[in-house]
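Colleague: I should be grateful for a close look at one part of this chain, with its surroundings explained step by step. Please begin with the local detail and then widen the view.

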Amino acid sequence: MFHLRTCAAKLRPLTASQTVKTFSQNRPAAARTFQQIRCYSAPVAAEPFLSGTSSNYVEEMYCAWLENPKSVHKSWDIFFRNTNAGAPPGTAYQSPLPLSRGSLAAVAHAQSLVEAQPNVDKLVEDHLAVQSLIRAYQIRGHHVAQLDPLGILDADLDSSVPADIISSTDKLGFYGLDESDLDKVFHLPTTTFIGGQESALPLREIIRRLEMAYCQHIGVEFMFINDLEQCQWIRQKFETPGIMQFTNEEKRTLLARLVRSTRFEEFLQRKWSSEKRFGLEGCEVLIPALKTIIDKSSENGVDYVIMGMPHRGRLNVLANVIRKELEQIFCQFDSKLEAADESAQTMLSQVCPCPNMDSCQALFLSLLVTSPQALPCPQQDHSRLPQCSMAWRSQYNITKMIKNKYHDKRKTDYRCQQKTDWTEKTFWIWGLLWCLQVMSILLHGDAAFAGQGIVYETFHLSDLPSYTTHGTVHVVVNNQIGFTTDPRMARSSPYPTDVARVVNAPIFHVNSDDPEAVMYVCKVAAEWRSTFHKDVVVDLVCYRRNGHNEMDEPMFTQPLMYKQIRKQKPVLQKYAELLVSQGVVNQPEYEEEISKYDKICEEAFARSKDEKILHIKHWLDSPWPGFFTLDGQPRSMSCPSTGLTEDILTHIGNVASSVPVENFTIHGGLSRILKTRGEMVKNRTVDWALAEYMAFGSLLKEGIHIRLSGQDVERGTFSHRHHVLHDQNVDKRTCIPMNHLWPNQAPYTVCNSSLSEYGVLGFELGFAMASPNALVLWEAQFGDFHNTAQCIIDQFICPGQAKWVRQNGIVLLLPHGMEGMGPEHSSARPERFLQMCNDDPDVLPDLKEANFDINQLYDCNWVVVNCSTPGNFFHVLRRQILLPFRKPLIIFTPKSLLRHPEARSSFDEMLPGTHFQRVIPEDGPAAQNPENVKRLLFCTGKVYYDLTRERKARDMVGQVAITRIEQLSPFPFDLLLKEVQKYPNAELAWCQEEHKNQGYYDYVKPRLRTTISRAKPVWYAGRDPAAAPATGNKKTHLTELQRLLDTAFDLDVFKNFS
């Protein structure tokens, strides 16, 4: 009963005096909360029978009456009706009618009170309708916002107006209202701020203010967010009357930035009209938009901004946001300019200190942009995938790189020197503090944002603890076209930005021809990121004044759009006319601003003619201070021993075989694994998992941050690693023994990733790019899982240094091996990686060169290894950090060898003075009598154990020598030449378990032939060519394996081919 009475009291019609009083009152700042408090319209004292225990009886009667009014006496029915109708104190109860003439008047009065109930019901319904109307504008107001500057296409691809949006008075009927209700005053709910200081408004004013907030040049999508505080924050930012106000100084600053943005493009068009520069015409407001985001973020404590962008407007951003010297930009149009650095110049990265205009605070900006000259994929299918790639798709590879570079700036800058106990909690708190200082901004094209799955992958990393950037500001340059494709043919969703809804990122659509609306939206976006540390999307709905590039003719495919664009007045001219009409600036001041910037460009153009050499390195980000010499060269060309003292090995092994946390219950099966590890340490041997543990643990001691990421890496796909222990009795209680090795060690991060390869590998690549003093590893669940990350491998990891003069030491762990388990998950496709190696198979390098092996590593584009022993795996991981430079490392890791009894290494192979063995030569009886060896088999990886077992079974240990090539690229010409010369009477054969058209054969054979000056043939022992990586039949697998072993040990098999 108290619910209805309270409601009735609140919704009682307002008198004129009450209306005036209400409008003058301040609305409460805090949101109202509804509590079950008995607040009767009539005081209890006026109804004496409601006191004492009678009230319980009355309440039972009331509940019965609510279910069925006829279930109680007529007098109670009248009482309850009168009470809910708001009867004055003492009048709700009507005594039984006397049998007299005066009873008629009493009956009439009682009847009037009973008939008042329908009026109250109507009032409640009307207020609920108004609340629904307000909510409809908040949810769907963006669908009718005026977003398209051309006025020819709805941004949501739907010209219809939602039925619950009041576009005309006849639509009031949807809510049970009509035109007569427009001047009625309604209380406003706490879920809106359109009243400002007022708590009630006439319906006409409510609709007007909602239209001003949601249906003008800004469309706000946020009602899908399931956090009330965040929704209220956005409502306040866009609904509060008069909140979008700018001072005259802010307007003049905005005009000056528009002048720079517009006149820069016009200058380039005048000087280089026939060049493809992918200009910003049609979205010139992007420059002031970016500067607004940066300014606002700087005010909120950010001092390092990393931006990534595609092709469009890249020169303008470099010039007017990054403030790269104009002459350094203009000189690149000179075809005679020489490059001082070996770079394909397909991606430019610049870092510079930039003063904040408003706060005079030093701010560092880092930009990754792309150049579209190189088209890496077959053009017949127009799938120009990233390098940063071509044009519109490039930003998504950069998306991962930017996000990860940001992430690493927070966590690894540069070798952890703090005296810290690196618990996960400490690590996380430190990251949160850093998020206030470093932020990322990503620019996107509309077609790519909707079409590329990598956008979805990276959005789903945004809130994961080991991958979050604590909020990225996404700016979509929405041309409303993708090259030549109409958006109605390019996406199924209303907006290109709908993918952001999956992570509750608010989306702000804005008409780019309203610069002030754009600036306000960008301010709100920066504040959102600073307040909630979550992603936010700004959708700049604009147009592309030229074609996809300046040489392209858009009228072929979009004639009507481009007829309108030809008529469209530039945004600078529109805004200048507006400010002149407002008296903010006058015409001479505006023209002077234009002349001033034109003069700057002309002077820079004159200076650019003196530039003869382009120094790429001078404007690269992340120079890794102290790692290289001043001229960018390694400090030495040697690598120290990667071995360790036995005390260190034993200490790491003991920690790896124990639980360093008290009262921590582990799984029984894990207890057996740890016990086995402890026994190996006592026996001075290691298996694959323990060798990895020792490599990681020793680097942590030396201050190297290690990050291992990928699907299920914490336990390991094959249940061999177990770097994260789980308490069997306490939910979510974990222990990482690796972080308990040394008092002042660097942190070890091991994190199971989402089921993504493309996004996660890109993330780790950027992480590795930020610092040379971090070992960053990405492990595929199975080797062939890298297929879906091929863009990152092909466009970034393989050619990274050649394109951008940037080194990167990322490590890829790819489980590989033919185990008879079918074609999927068998092959890591080593042939792909070897094909992309940059060494020449027909040229024998100078084998007498000092530090030949290190020079080879320095010259290669990446290192490809397939280790056959845990000890060598240990060494190659440590060598990756101890080298004086950084190269990507591709390791084909085993599966069955993880538990193979022969795949063990002794501590002796890991002690001081030991190194990674590029080649492991034969060390058995064949090596003692090399003249008697009839065949020298070369192999790599797991097949070695099959060969040795078969050789022993055939008793051919003195006739067949087996040499393992552990490092495939760069190719160990020097060591293999010694091996061939050692066995003068042996024929040469390459043996592999992969099919002939796969694996290593096509890479190894020509290089072996070059090594021996083509004096002998190099035979093949392995599976026949096939389309699939492996058979799906176990018996067939074993038959093929036996066939290749027969070929390898049949000394007469190649005689017919001689």
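Colleague: Which residue takes a positive phi just after α33?

Modeller: The model is a predicted one, and what follows should be read with that in mind. The residue is Ser1013, whose phi is about 55°. To place Ser1013, one may begin with the helix that it follows.

Helix α33 spans residues 1001–1011 and packs on a sheet, where it touches β24, β25, β27 (987–995) and β28. The direction of α33 makes about 165° with that of β28. Seven positions of the helix can be listed by name as buried: Tyr1001, Tyr1003, Val1004, Arg1007, Leu1008, Thr1010 and Thr1011. In an α-helix there are 3.6 residues a turn, so residues three or four places apart point the same way. Among the buried residues of α33, Val1004 and Leu1008 may be traced in the structure with this spacing in mind.

The sheet beneath this helix is open and has 5 strands, in the order β23-β25-β24-β27-β28, with mixed pairing. Its edges are formed by β23 (919–920) and β28 (1018–1023), each of which pairs on one side only. Within the sheet, β24 (residues 935–939) and β25 (residues 960–965) run parallel and are joined by 5 bridges. One position in this pair of strands is easily located: Phe938 stands opposite Thr963 in β25.

A further helix, α34, also belongs to this picture. Helix α34 covers residues 1034–1049, 16 residues in all, and its first and last C-alpha atoms are 23 Å apart, close to the 22 Å expected at 1.5 Å a residue. The N-terminal end of α34 is capped by Asn1033, which places a side-chain oxygen 2.9 Å from the backbone nitrogen of Lys1035. The buried residues of α34 are His1037, Glu1040, Leu1041, Leu1044, Leu1045, Thr1047, Ala1048 and Phe1049. Their cover includes strands β24, β25, β27 and β28, together with helix α31 (943–954). Strands β24, β25, β27 and β28 are touched by α33.

A second sheet may now be considered. This open sheet has 7 strands in the order β17-β14-β18-β19-β21-β20-β26, again with mixed pairing. Strands β17 (748–752) and β26 stand at its edges; each has a single partner strand, so one side of each is left without a neighbour in the sheet. From one strand to the next, the twist averages 20°. At the β26 edge, β20 (residues 863–865) is joined to β26 by 2 bridges, and the two strands run antiparallel. Here Val865 stands opposite Gln967 in β26. Helix α23 packs on this sheet and touches β14, β17, β18 (774–779) and β19 (811–815), with its direction at about 140° to that of β14.

The loop between β26 (967–969) and α32 (973–982) contains Pro970. The peptide bond joining Ser969 and Pro970 is cis, with omega about 0°.

The interior may be described next. In soluble globular proteins, nonpolar side chains tend to be buried together. In this chain, the largest nonpolar core holds 150 residues, of which Leu812, Leu947 and Trp990 touch the most other members. Helix α23 (residues 688–701) gives the most to this core, namely 9 residues. Leaving aside residues up to four places away in sequence, Leu812 touches Leu761, Trp778, Ile793, Ile797, Phe833, Leu889, Ile890 and Ile891. A separate core of 100 residues includes Phe186, Cys231, Leu268 and Ile329.

Let us return to positive phi values, with which the request began. His533, in the loop between α17 (515–532) and β11 (536–541), has a phi near 55°. His722, in the loop between β14 (705–710) and β15 (725–726), also has a phi near 55°. Are these two histidines buried or exposed, or in between? The relative accessibility of His533 is 21%, so His533 counts as partly exposed, given that buried means under 20%. His722, at 10%, falls under that cut-off and therefore counts as buried.

Finally, the whole chain has 34 helices and 28 strands. Of its 1058 residues, 58% count as buried. Among contacts between residues at least 6 apart in sequence, 80% join residues at least 24 apart.

Definitions and conventions. Residues are numbered from 1 along each chain as its sequence is written. This is a predicted model: local features need pLDDT of at least 70, side-chain atom pairs count only at pLDDT 80 or more; totals for chains, interfaces and linings use all residues. Side-chain values use heavy atoms; hydrogens and water are left out. Two strands pair if DSSP finds at least two bridges between them. Helices (H or I, at least four residues) and strands (E, at least two) are DSSP runs, numbered from the N terminus. Contact means heavy atoms within 4.5 Å. Axes are lines fitted to C-alpha atoms, for helices over the stretch in contact, and angles run from 0 to 180 degrees between N-to-C directions. Buried means under 20% relative accessible area, exposed over 50%, partly exposed in between (1.4 Å probe, protein chains only). The expected span of a helix is 1.5 Å times one less than its number of residues. A polar contact is a pair of N or O atoms within 3.5 Å; within protein, one must be able to donate a hydrogen and the other to accept it, and residues adjacent in sequence count only if both atoms are side-chain atoms. A nonpolar core is a set of buried Ala, Val, Leu, Ile, Met, Phe, Trp, Tyr and Cys residues joined through side-chain atoms within 4.5 Å.
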